[in-house]
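This report describes selected features of one protein chain, from helix packing to single residues and backbone geometry. The sequence and structure come first.

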Amino acid sequence: MTTRFGVFVPQGWRMDLNEIADPVEQYEAMTAVAKAADEGPWDSIWVYDHFHTVPEPTPNTTFECWTITSTLVRDTKRVNVGQMVGCNGYRHPALYAKIASTVDVASHGRLYAGIGAGWYENEWKAYGYEWPELRDRMGAFREATELIYKMWTEDAPVFNGKYYSIDKPYNEPKGARKPHPSFWIGGGGEKVTLKLVAKYGDAANIGGGDPEAFKHKASVLKAHCDKLGRDYDSIIKSTSLNVFPIEAGADPEKATAKARGRQSYEQFADANVVGTSDEIAAKVEALVEAGSDYLITYIPGVAYDHEPLHRFASEIIPRFS
């Protein structure tokens with residue numbers, strides 16, 4: 001089975017644009033990575049839906065998710081463009097559905113529309129969003145997923161829930177991809193999230209990059225599919241991995257110097273899989289054997305140097321084609 005690959009573009013959330021001073025140049029650096037991926041074997045490029053940097057909020061650039069999605073789909077010609085994942089709390093789901101439908105048309109059907117419950121408490125409060133308890137966030141997420149699906153599949157959708165309601169809104173056009181924009185649901189919650197994937201999702205993103213954990217979550221998803229009568233094989237099973245491929249025989253500390261910035265090598269290696277193409281391919285193979293058929297990579301430092309992006313594309317992706 002062919003494994004497909006996506007890559008995050010640098011948008012600032014991981015403080016990956018900090019070495020570029022001018023915001024216009026930062027934006028162009030992000031776009032340049034998108035265009036480089038568009039010319040290679042990548043299936044998709046990805047952005048995060050966050051307002052503040054991580055691991056802690058800092059006054060540094062973080063470009064807004066849906067704004068850059070709408071521009072990146074016009075700056076590229078071939079790759080799909082997705083969010084990993086859209087935070088449900090930041091937009092009413094009816095508005096989310098409308099935005100996604102519009103961007104899907106702008107992309108000629110290349111949108112991967114991601115949705116999740118959200119988790120970054122500091123952002124919610126800083127931007128004036130009420131921070132609900134987990135039960136309410138998950139309850140709203142459950143309703144939002146159904147509501148969005150209705151907006152994409154029904155001409156006169158009606159929904160009356162605890163958190164949201166709609167009364168026959170027009171959502172035209174509904175998108176370019178048929179039967180609707182590709183719906184990616186992020187998270188590994190076994191009782192709510194994976195059941196929502198089985199009911200409404202085109203793809204699941206089960207993060208972490210741990211093969212054993214992925215295998216278990218995939219089995220839970222399959223059980224939900226079996227119970228609901230959904231074809232498990234029709235759902236994309238994706239996971240994410242932070243990687244930095246280096247040339248065989250290279251000194252890892254020296255090879256990662258530009259990408260690390262002010263980080264120590266130990267900090268960098270703790271957050272990313274640093275290794276040769278053979279070593280990284282072995283990590284990917286373990287995830288494939290666990291049931292993943294899609295890998296979304298984050299490659300640090302690509303805003304300043306595309307070489308690791310091209311190394312992954314030329315030395316790792318062909319092994320899984």
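Helix 2 and helix 3 cross in a right-handed sense. The model is predicted, and local features are given for residues with pLDDT of at least 70.

**Helix packing around helix 3**

Helix 2 spans residues 65-75, and its axis is 9 Å from that of helix 3, at an angle of about 15 degrees. Helix 2 is therefore roughly parallel to helix 3, since angles under 35 degrees are classed that way. On the helix 2 side the contact is formed by Trp 66, Thr 69, Ser 70, Val 73 and Arg 74, and on the helix 3 side by Tyr 96, Ile 99, Ala 100, Val 103 and Ala 106. Sorted by class, these residues are 7 nonpolar, 2 polar and 1 charged.

Helix 3 (residues 93-106) also packs against helix 5 (residues 134-153), where the axes come within 9 Å and cross at roughly 45 degrees. The two helices are therefore oblique to each other. The crossing of helix 3 with helix 5 is right-handed. Helix 3 contributes Pro 93, Ala 94, Tyr 96, Ala 97, Ala 100 and Ser 101 to this contact, and helix 5 contributes Ala 144, Leu 147, Ile 148, Met 151 and Trp 152. By class there are 10 nonpolar residues, 1 polar residue and no charged ones in the contact of helix 3 with helix 5.

Tyr 96 and Ala 100 of helix 3 are thus listed in the contact with helix 2 and also in the contact with helix 5. In an α-helix there are 3.6 residues a turn, so residues three or four places apart point the same way.

**Helix 6 and its cover**

How many residues of helix 6 are buried? Helix 6 covers residues 193-200, and 6 of its 8 residues are buried, which leaves the helix mostly covered. The buried residues are Thr 193, Leu 194, Leu 196, Val 197, Ala 198 and Tyr 200. The elements that cover them include helix 5, strand 8 (182-186), strand 9 (203-205) and helix 7 (211-228). Helix 5 thus takes part in the cover of helix 6 as well as in the contact with helix 3.

**Single residues in helices**

Ser 277 belongs to helix 11, which runs over residues 277-289. With a relative accessible area of 4%, Ser 277 is buried, because the cut-off for buried is under 20%. Its side chain makes a polar contact of 2.4 Å with the side chain of Glu 315. Beyond residues up to four places away in sequence, Ser 277 touches Ile 246, Arg 311, Glu 315, Ile 316 and Arg 319.

Thr 31 lies in helix 1 (residues 23-38) and is buried as well, at 3% relative accessibility. Setting aside neighbours within four places in sequence, Thr 31 is in contact with Leu 72 and Asp 75.

Ala 255 is in helix 8 (residues 252-255). At 33% relative accessibility, Ala 255 counts as partly exposed. The C-alpha atoms of Ala 255 and Phe 244 are 9.4 Å apart, and the two residues are 11 places apart in sequence. Ala 255 is in contact with Phe 244, Ile 246 and Ala 250, leaving aside neighbours within four places in sequence. Ile 246 is also among the residues touched by Ser 277.

**Backbone geometry in the loops**

Most residues other than glycine have a negative phi, and most peptide bonds are trans. The table gives two cis peptide bonds and two positive phi values.

| Item | Angle |
|---|---|
| Met 84 to Val 85, cis peptide bond | omega near -15 degrees |
| Glu 172 to Pro 173, cis peptide bond | omega about -10 degrees |
| Met 15, positive phi | phi near 55 degrees |
| His 108, positive phi | phi about 60 degrees |

Where do the residues in question lie? Val 85 is in the loop between strand 3 (80-83) and strand 4 (86-87). Pro 173 is in the loop between strand 7 (165-167) and strand 8.

Met 15 is located in the loop between strand 1 (4-8) and helix 1, and is partly exposed at 28% relative accessibility. His 108 is in the loop that connects helix 3 and strand 5 (111-116). At 67% relative accessibility, His 108 is exposed, because the cut-off for exposed is over 50%.

Note on methods:
Residues are numbered from 1 along each chain as its sequence is written. This is a predicted model: local features need pLDDT of at least 70, side-chain atom pairs count only at pLDDT 80 or more; totals for chains, interfaces and linings use all residues. Side-chain values use heavy atoms; hydrogens and water are left out. Helices (H or I, at least four residues) and strands (E, at least two) are DSSP runs, numbered from the N terminus. Buried means under 20% relative accessible area, exposed over 50%, partly exposed in between (1.4 Å probe, protein chains only). A polar contact is a pair of N or O atoms within 3.5 Å; within protein, one must be able to donate a hydrogen and the other to accept it, and residues adjacent in sequence count only if both atoms are side-chain atoms. Contact means heavy atoms within 4.5 Å. Axes are lines fitted to C-alpha atoms, for helices over the stretch in contact, and angles run from 0 to 180 degrees between N-to-C directions. Angles under 35 degrees count as roughly parallel, over 145 as roughly antiparallel, 65 to 115 as roughly perpendicular and the rest as oblique. A crossing is left-handed if the near helix is turned anticlockwise from the far one by less than a right angle, and right-handed if clockwise. Ala, Val, Leu, Ile, Met, Phe, Trp, Tyr, Cys and Pro count as nonpolar, Asp, Glu, Lys and Arg as charged, and the others, Gly among them, as polar.
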